[in-house]
Amino acid sequence: MSMRTFLTMAAGASALMAIVAAAPASADDAKLEQLKEQGFARVAIANEPPFTAVAADGKVSGAAPDVAREVFKRLGVADIVASISEYGAMIPGLQAGRHDVITAGLFMKPERCAAVAYSEPILCDAEAFALKKGNPLALKSYKDIADNPDAKIGAPGGGTEEKLALEAGVPRDRVIVVPDGQSGLKMLQDGRIDVYSLPVLSINDLVSKANDPGIEVVAPVEGAPVYCDGAAFRKGDEALRDAFDVELAKLKESGEFAKIIEPYGFSAAAAMSTTREKLCAAQ
């Protein structure tokens, strides 16, 4: 091969790579251009630290919104504006156009993967229980709750924990839907439920802030899977999702991703060890 031929091929390859790299965020992505014009993306969150949080002044934080904010900034969208939603209402709200994206620890599952266009994985976590000190009913799994006719569990409406409890055979009347973590903890303290279930990091954050010696944590829940979430976009907004994925991959590769999520207690390595395709197929 002549040097001229080599240089011509190299130049062609470089040009093609540049086109591919630029394509996801190109001007033909109408949704991304719309977000750039309005200057923000509307995100749905659950106010469940450390996944998501809203400060007293209204500022949105938490691992998922912090990643989304940085990715959108790199895409030319200056900021995010959040609205709090129950998990069960998030996808309908997204489909109805009330949100541009869900950044809320909405774990990937086949039915959700069929309903939304997920990004690559962002946050991974296992399940946990908050119970009275000493775990008087010896509850270590959702099946333990199902097998004990006196045990009641509190869980977020439409969330993973509610589904896991029902799938394990806990009767509907013993699965109590609670609106937020503080309410769940109060119901546990008052004896209205025997266990409150959330992801490990969310339960640890809640119990730590409560500083109640009468509450303990069981983690991880026996037999419960480890889940990962991703930013969830409307079907039809795949070009925006793909542009998001390009910048997310750059964040992961540079180490910035770890700097954002690991102070919250999440593992960057866990998110980088799997893919959307695997998660949507496996669970």
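Biologist: How much of this predicted model scores a pLDDT of at least 70?

Modeller: pLDDT is the predictor's confidence in each residue. In this predicted model the chain averages 89, and 89% of the residues score at least 70.

Biologist: Where is the pLDDT below 50?

Modeller: Look at residues 1–28. Over that stretch the pLDDT is below 50. Beyond near neighbours in sequence, residues 1–28 have 14 contacts in the model.

Biologist: On to pockets. What volume does the largest pocket have?

Modeller: A pocket is an open set of points, whereas a probe in a cavity cannot get out. Here the largest pocket has a volume of about 340 Å³.

Biologist: Which residues are the closest to its centre?

Modeller: They are N47, E48, D180, G181 and Q182. In total, 23 residues line this pocket.

Biologist: Which element supplies the largest share of that lining?

Modeller: Helix α9 does, with five residues. At least two residues each come from α8 (181–189), β11 (195–199) and α9 (200–210).

Biologist: How do the lining residues of the largest pocket divide by class?

Modeller: There are 12 nonpolar, six polar and five charged residues.

Biologist: Now the closed spaces. How many cavities of 30 Å³ or more does the structure hold?

Modeller: Two. The largest cavity holds about 80 Å³ of space. The second largest has a volume of about 50 Å³.

Biologist: Which residues line the largest cavity?

Modeller: Among them are E48, F51, Y87, F107 and R112. L198 and P199 also line this cavity. Helix α7 (160–167) and strand β11 each supply at least two residues. By class, the lining has six nonpolar, three polar and three charged residues.

Biologist: E48 came up earlier. Where does E48 appear?

Modeller: E48 is one of the residues closest to the centre of the largest pocket. E48 also lines the largest cavity.

Biologist: And the second largest cavity: which helix gives the most to its lining?

Modeller: Helix α3 (residues 63–74), with three residues. The lining includes A64, V67 and A68. I102, T103, D229 and F244 are also among the lining residues. Eight residues of this lining are nonpolar, two are polar and one is charged.

Biologist: Next, the backbone. Which residues does a cis peptide bond with omega of about 0° join?

Modeller: Check omega for that bond. P49 and P50 are joined by a cis peptide bond, with omega about 0°. P50 sits in the loop between β1 (40–45) and β2 (53–54).

Biologist: Which residues have a cis bond with omega near -10°?

Modeller: The bond from A219 to P220 is cis, with that omega. P220 lies in the loop between β12 (215–218) and β13 (227–228).

Biologist: What is phi of N47?

Modeller: Phi of N47 is near 55°, a positive value in a residue other than glycine. N47 lies in the loop between β1 and β2.

Biologist: Why does N47 count as partly exposed?

Modeller: Partly exposed covers the range between under 20%, which is buried, and over 50%, which is exposed. N47 counts as partly exposed because its relative accessibility is 28%.

Biologist: What about phi of N135?

Modeller: N135 is not a glycine, yet its phi is positive, about 45°. N135 is placed in the loop between β8 (127–132) and α6 (142–147).

Biologist: Is N135 buried or exposed?

Modeller: N135 counts as buried, because its relative accessibility is 10%.

Conventions
Residues are numbered from 1 along each chain as its sequence is written. This is a predicted model: local features need pLDDT of at least 70, side-chain atom pairs count only at pLDDT 80 or more; totals for chains, interfaces and linings use all residues. Side-chain values use heavy atoms; hydrogens and water are left out. On a 1 Å grid over the protein atoms alone, a cavity is a set of points where a 1.4 Å probe fits but cannot get out, and a pocket is an open set with protein on both sides within 12 Å along at least five of seven lines; lining residues have an atom within 4 Å of a point. Grid points are joined across faces, edges and corners, and a volume is the space filled by probe spheres set on the points. Helices (H or I, at least four residues) and strands (E, at least two) are DSSP runs, numbered from the N terminus. Ala, Val, Leu, Ile, Met, Phe, Trp, Tyr, Cys and Pro count as nonpolar, Asp, Glu, Lys and Arg as charged, and the others, Gly among them, as polar. pLDDT is the predictor's confidence in each residue, from 0 to 100. Contact means heavy atoms within 4.5 Å. Buried means under 20% relative accessible area, exposed over 50%, partly exposed in between (1.4 Å probe, protein chains only).
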